[in-house]
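Let's take a walk through this model together, starting with its strands and ending with its pocket and core.

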Amino acid sequence: MSDQPETQFDFWLGEWDMTWGADGKATNHVLCILDGKVIQENFSSVDLNGMSVSVYDPERGLWCQTWVDNNGTYLDFTGKFEDGKMILIRDAIVRGEACKQRMVWYNIEASQFDWNWERSDDGGVTWRVLWQIKYTRKL
């Protein structure tokens, strides 16, 4: 993993097959665009298609990501790569209740990694996994 913050998301670049649960499947095409400053994600599954853009903000020392999808969802996250994990967090309101949401990329290897979608209802003290995806690099 790079010591340069601007390249910490490079592990995510490429073509990926994704699986979760008994039969969840998707693909993800992640590329570097705009003079190498932006990571663009293109997620595709049977019922969800979306994209994100991620940039490193050197002023704050944080990664910033914006997600949009075919359900009209807009999400914005900030976070860091620490202890072998990329963790991006946001404050959210879900069904009228304030919570925190986060994405965690972990067990990162060249050909695979794991990703969690998690929620905290106690300000980030404890987290529960709502969606866990296994990424496998396409050959």
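Two strands pair if DSSP finds at least two bridges between them; strands themselves are DSSP runs of E with at least two residues, numbered from the N terminus. This is a predicted model, in which local features need pLDDT of at least 70 and side-chain atom pairs count only at pLDDT 80 or more, while totals for chains, interfaces and linings use all residues. Residues are numbered from 1 along each chain as its sequence is written, and side-chain values use heavy atoms, with hydrogens and water left out.

**The barrel**

Ten strands close into a barrel in the order S1-S2-S3-S4-S5-S6-S7-S8-S9-S10, with antiparallel pairing. On average, neighbouring strands of this sheet are turned by 25° against each other, direction ignored; the axes behind this angle are lines fitted to C-alpha atoms, and angles run from 0 to 180 degrees between N-to-C directions. Strands of a sheet pair through backbone hydrogen bonds, either parallel or antiparallel.

S1 and S2 are antiparallel partners joined by seven bridges, and Met18 stands opposite Ala26 in S2. From S2 (residues 24-33), eight bridges lead on to S3 (residues 38-45), where Phe43 faces Asn28. Further along, S6 and S7 (residues 85-94) share five bridges, and S7 and S8 share nine. Ile87 is a useful residue to follow here: it is the bridge partner of Lys80 and also pairs with Val104 in S8.

Four of the hairpins have a residue with positive phi:

| Hairpin | Residues between strands | Residue and phi |
|---|---|---|
| S1 and S2 | three residues | Gly21, near 55° |
| S2 and S3 | four residues | Leu34, near 55° |
| S6 and S7 | two residues | Asp83, about 50° |
| S7 and S8 | two residues | Arg95, near 50° |

Glu82 belongs to strand S6. With a relative accessible area of 49%, Glu82 is partly exposed (buried means under 20%, exposed over 50%, partly exposed in between, with a 1.4 Å probe and protein chains only). Glu82 and Gln8 are 74 residues apart in sequence, yet their C-alpha atoms are 9.8 Å apart in space.

**The pocket**

The largest pocket holds about 450 Å³ of space. Here a pocket is an open set of points on a 1 Å grid over the protein atoms alone, where a 1.4 Å probe fits, with protein on both sides within 12 Å along at least five of seven lines; lining residues have an atom within 4 Å of a point. The volume is the space filled by probe spheres set on the points, which are joined across faces, edges and corners. Of the 22 lining residues, the closest to the pocket centre are Leu48, Trp67, Trp115, Trp117 and Trp131. Strands that each supply at least two lining residues include S1 (14-20), S5 (62-69) and S9 (112-120).

**The core**

The largest nonpolar core (buried Ala, Val, Leu, Ile, Met, Phe, Trp, Tyr and Cys residues joined through side-chain atoms within 4.5 Å) has 25 residues. Phe9, Trp12 and Trp105 have the most contacts inside it. Leaving aside residues up to four places away in sequence, Trp12 touches ten others' worth of surroundings, among them Val30, Ile39, Trp105, Phe113 and Tyr135 (contact means heavy atoms within 4.5 Å).
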